[in-house]
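Reader: I am new to this structure and should be grateful for a close look at a single part. Could the account begin with one pair of strands and then follow the contacts outward from there?

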Amino acid sequence: MPNIIWDVTRYENKFSFVPRYGEALLDLITGGNGSFVVDIGCGDGMLTQQISDRGYRVLGIDDSDAMLKMAVKKHPDIAFHRGNAVDFHLREKADVLFSNAVFHWIDRSRQQTMLANLFSNLKPGGELVCEFGGYGCAENIHGQLEKAFLKRGLTYDRVFYFPTIGEYAPMLEKAGFKVEVALLFDRPTPQKGEHGLVDWIRMFDKKPFEGINEKTEASIIQEAERSLQAKLFRDGNWFVDYVRIRIRARKPL
């Protein structure tokens with residue numbers, strides 16, 4: 001399971017940029033019209049719908065019941081199933097496995113198992129098209145939070161997996177894939193509202209704060225906000241220092 005429980009209402013209202021930024025990733029799909037595409041970690045189904053609109057047969061898979069409920073409500077003509085990247089199983093193997101902003105939520109120790117599972121669910125010649133957090137993603141924020149935790153005698157648990165291309169491409173090859181495209185790039189991402197950084201931390205970085213009382217949590221987040229203002233706040237907006245890794249890899253014939 002991914003290292004997060006989603007607040008779907010806040011996700012929809014403030015963090016719609018997650019699927020929106022994934023739209024460019026669709027252009028990496030090379031499958032022909034009518035190909036069977038599976039959207040892994042489909043969330044609210046926004047990108048799943050766009051895949052369908054491009055003429056593909058599509059199935060959305062997500063591990064969150066709340067997200068699936070939203071997806072079914074928004075896109076009633078698309079099939080959605082419960083499952084996660086590590087152990088889902090398809091009755092019909094896919095021409096394309098697509099995933100946006102999911103793999104960094106999977107523990108490092110389970111990545112190779114996940115890649116083997118993806119490989120087994122693809123047809124020969126099929127492709128994996130994915131984007132997720134890469135090395136250095138949101139490091140200004142995580143680094144500052146880590147300092148604030150340490151100051152209070154606490155340990156900041158880094159639950160995300162942000163690899164380099166040099167680390168991840170061999171893992172794909174070990175699973176049997178041929179890597180065709182591998183990019184690592186910065187993508188500073190604006191957040192909504194004057195407290196956008198605080199909202200981002202409370203939405204996406206919940207795990208390290210488990211077991212910490214609300215007063216201490218608020219103090220840590222406020223300290224991070226003050227410390228990062230000069231670096232990440234400009235023109236009236238907060239920007240999270242995202243780094244993305246984008247991949248297309250193929251299962252040999």
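Author: The following account begins with a pair of strands and proceeds to the salt bridges, a buried helix, the cysteines and a tryptophan. The model is a predicted one.

Strand S2, residues 57-62, and strand S3, residues 79-82, pair in the parallel sense over 4 bridges. Within this pairing, Ile61 has His81 of S3 as its bridge partner. Between the two strands the chain passes through helix H4, residues 65-74, and the β-α-β crossover formed in this way is right-handed.

The loop that joins H4 to S3 contains His75. With a relative accessible area of 12%, His75 is buried, because the limit for that term is under 20%. Its contacts, leaving aside residues up to four places away in sequence, are with Asp44, Gly45, Met46, Gln49 and Phe80. To one of these, Gly45, there is also a polar contact: the side chain of His75 comes to 3.3 Å from the backbone oxygen of Gly45.

The salt bridges come next. Side chains of opposite charge can pair when their charged atoms come close. The structure holds 20 salt bridges. In one of them, the side chains of Asp95 and Lys123 meet with N and O 3.4 Å apart. Asp95 belongs to strand S4 and Lys123 to strand S5, so this pair ties together parts that are 28 residues apart in sequence. Both ends are partly exposed, Asp95 at a relative accessible area of 22% and Lys123 at 27%.

Another salt bridge links Arg158 with Glu139, and the closest N and O atoms are 2.9 Å apart. Arg158 is in the loop between helix H6 and H7, whereas Glu139 is in helix H6 itself, so the pair ties together parts that are 19 residues apart in sequence. Arg158 is partly exposed at 35% relative accessible area, and Glu139 is likewise partly exposed, at 36%.

A further salt bridge joins Lys207 to Glu210, with 4.0 Å between the closest N and O atoms. Here Lys207 counts as partly exposed at 33% relative accessibility, while Glu210, at 56%, counts as exposed. Salt bridges with shared partners also join Arg57, Glu92, Asp95 and Lys123 into one network.

Strands S4 and S5 appear again around helix H5. This helix spans residues 111-120, and Gln111, Met114, Leu115, Asn117, Leu118 and Phe119 are buried in it. The cover over these buried residues includes strand S1 (36-40), strand S4 (94-100), strand S5 (122-133) and helix H7 (165-175).

As to the cysteines, the structure holds 0 disulfides. Cys42 is in none, and the nearest cysteine sulfur, that of Cys130, is 16 Å away. For Cys137, the closest cysteine sulfur is again in Cys130, at 14 Å, which is too far for a bond because a disulfide needs sulfur atoms within 2.5 Å. Both Cys42 and Cys137 are buried: Cys42 has 7% relative accessibility, and Cys137 has a relative accessible area of 2%.

The last residue to consider is Trp238, in strand S8, residues 237-250. Trp238 is buried, at 2% relative accessible area. A polar atom of its side chain lies 2.8 Å from the backbone oxygen of Glu194. Between Trp238 and Arg226 there is a separation of 12 residues in sequence and of 12 Å in space, taken from C-alpha to C-alpha.

Note on methods:
Residues are numbered from 1 along each chain as its sequence is written. This is a predicted model: local features need pLDDT of at least 70, side-chain atom pairs count only at pLDDT 80 or more; totals for chains, interfaces and linings use all residues. Side-chain values use heavy atoms; hydrogens and water are left out. Buried means under 20% relative accessible area, exposed over 50%, partly exposed in between (1.4 Å probe, protein chains only). Contact means heavy atoms within 4.5 Å. Two strands pair if DSSP finds at least two bridges between them. A crossover is right-handed if, with the strands pointing away from the viewer, the path from the first strand over the helix to the second runs clockwise. A polar contact is a pair of N or O atoms within 3.5 Å; within protein, one must be able to donate a hydrogen and the other to accept it, and residues adjacent in sequence count only if both atoms are side-chain atoms.
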